[in-house]
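Trainee: Could you take me through one part of this structure closely? I would like to look at the surroundings of the ligand and then see what the rest of the chain looks like around that picture.

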Amino acid sequence: MEQEFHQIRSLPPYVFAEVNEMKAKAKAEGRDVIDFGMGNPDQPTPQHIVDKLCEAANNPKMHGYSTSIGIPELRKALSSYYGRRFNVDLDPETEVVSSIGSKEGLASLAKAITSPGDTILVPNPSYPIHLFGFIIAGGFLKPMPIKPDENLIKAIDHAARYSVPKPTAVVISYPSNPTALMADLSFYEEVVKVCKKHDIYILSDIAYAELYFDGNKPPSMLQVKGAKDITVEFYSLSKTYNMPGWRIGFAAGNKKLIAALTRVKSYLDYGSFTPIQLAATEALNGPQDCVEEIRTMYQGRRDVLISSFAKAGWNIPKPPATMFAWSALPEQFKHLSSMEFTKLLLNETGIAVSPGDGFGEFGEGFVRLAIVENEARIQQAAKELERFMANSSKILEDYERRKA
Ligand SMILES: Cc1ncc(COP(=O)(O)O)c(C=O)c1O
């Protein structure tokens, strides 16, 4: 067969696939890989959540198809969370839908609201589904700046005036993966204002809303008065409760968008396994000390990473939230591409990071470090890094010779 699939041509191999292959090869060769590559939490899910899953899974009544919108208890639990944490009212019947992880929710909503050729505004670099959810749906992406400041507001305004067709939606995601940038409520007010002016829907993703440091809590876009008229927000349990493999998340907010997402999902899936939904309900309604423990753990790791890497000669900006650090390549290596640097670092030190261009073309020149190794391993990485930085001239010379 000679046929080429249009959809597949528009999807380059997933960035992490290439890095994962490199890591697998290094591990197969018996090397110790200190893995800051993928944002996959390394710690277990809190025991009371696992216990709830086991209890429910032992009940045969739970083994049938579930509901794609999510069981009522779970939707109510999310609504209570929004009330407690953000002082936002959500009707669990019409303003909340659960998803099989927020990645699925984002992709399904993109499918629901995008016609081929529609313009969508997405910051670049971004978490890949923010970009590719719309590419898969046939949308045309207009890259937006990533910093939450007046330039982003101006860029939305400009795109609304001059894009043909007029943008349908903008994706906003803070604290950000990969850059770890954070937004405040006054910025969100400006986003809502400019989007209302131009009739643009807002898709806000707050997957890291609970992974904040130094007491600086991220707000929700839905806290802005009138935001619900145009906004749907995605929330995930993956990082807050160390539940990435469970695949459970939410969309909440604007009724029309929630209805559109619910309709598409009713055709595509039956929701997560009911025991998982019950365990997620327990996560949201149960004791929250585990969230504080997870937050404190990442803050401790962040501090060790930033100080030990700085001592080794690589100054990485201190992230105010998330489980990521985002950094320009060290000065000596700036002439390399992000992927070249990633490969060289892995080969020379066993330290795995993610190349920034995997998150979009404007991520070139940067790498992302996921802080999913413990403090001792971070210190070990810093030792390897120190040697790498001290020998950078020789390492680069050898590298250029091998390349020639
Ligand atoms: C910004 C952002 N949104 C969503 C997700 C996906 O979360 P989930 O596991 O709920 O699909 C991630 C995962 O890394 C993320 O970084």
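**The ligand shell and its setting**

Mentor: Happy to. Around the ligand there are 13 residues, and the closest are Gly101, Lys103, Asn177, Ser236 and Ser238. Sorted by class, this shell holds 8 polar, 3 nonpolar and 2 charged residues. Keep in mind as we go that the model is predicted.

Now for the chain as a whole. The domain assignment splits the chain into domain 1 (6–44 + 290–403) and domain 2 (47–285). Taken over C-alpha atoms, the centres of domain 1 and domain 2 are 27 Å apart. Where the two meet, 31 residues of domain 1 are in contact with 28 residues of domain 2. On the domain 1 side of that contact, helix H11 (289–312) and strand S9 (324–328) are the elements that give two or more residues. H11 has the largest share there, with 7 residues. By class, the domain 1 side that touches domain 2 is made up of 17 nonpolar, 10 polar and 4 charged residues.

Next, the interior. In soluble globular proteins, nonpolar side chains tend to be buried together. Here the largest nonpolar core has 115 residues, and Leu78 and Ile202 touch the most other members. Domain 1 and domain 2 each supply at least three residues to this core. If you select Leu78, you will find that its contacts, leaving out residues up to four places away in sequence, are Val96, Tyr235, Phe250, Ala252 and Leu284.

Strand S3 (residues 119–123) is a good element to inspect next. It is largely enclosed by the rest of the structure, because 5 of its 5 residues are buried. Both faces of S3 are covered: Ile120 and Val122 are buried on one side, and Thr119, Leu121 and Pro123 are buried on the other. S3 pairs with strand S4 (residues 140–144) in the parallel sense, over 5 bridges. One residue to click on is Pro123, whose bridge partner in S4 is Met144.

For a contrast with S3, go to Glu29, in the loop between helix H2 (15–28) and strand S1 (34–35). Glu29 counts as exposed because it has 8 other C-beta atoms within 10 Å, and the cut-off for exposed is 12 or fewer. You can also pair Glu29 with Phe341: they are 312 residues apart in sequence, and their C-alpha atoms are 20 Å apart in space.

How values were computed. Residues are numbered from 1 along each chain as its sequence is written. This is a predicted model: local features need pLDDT of at least 70, side-chain atom pairs count only at pLDDT 80 or more; totals for chains, interfaces and linings use all residues. Helices (H or I, at least four residues) and strands (E, at least two) are DSSP runs, numbered from the N terminus. A residue is buried if 20 or more other C-beta atoms lie within 10 Å of its own, exposed if 12 or fewer, and partly exposed in between; C-beta atoms are placed from the backbone. A residue is near a molecule or strand if its C-beta atom, placed from the backbone, lies within 6 Å of it. Ala, Val, Leu, Ile, Met, Phe, Trp, Tyr, Cys and Pro count as nonpolar, Asp, Glu, Lys and Arg as charged, and the others, Gly among them, as polar. A nonpolar core is a set of buried Ala, Val, Leu, Ile, Met, Phe, Trp, Tyr and Cys residues joined through C-beta atoms within 7 Å. Domain bounds come from an automatic or database domain assignment. Two residues are in contact if their C-beta atoms, placed from the backbone, lie within 7 Å. Two strands pair if DSSP finds at least two bridges between them.
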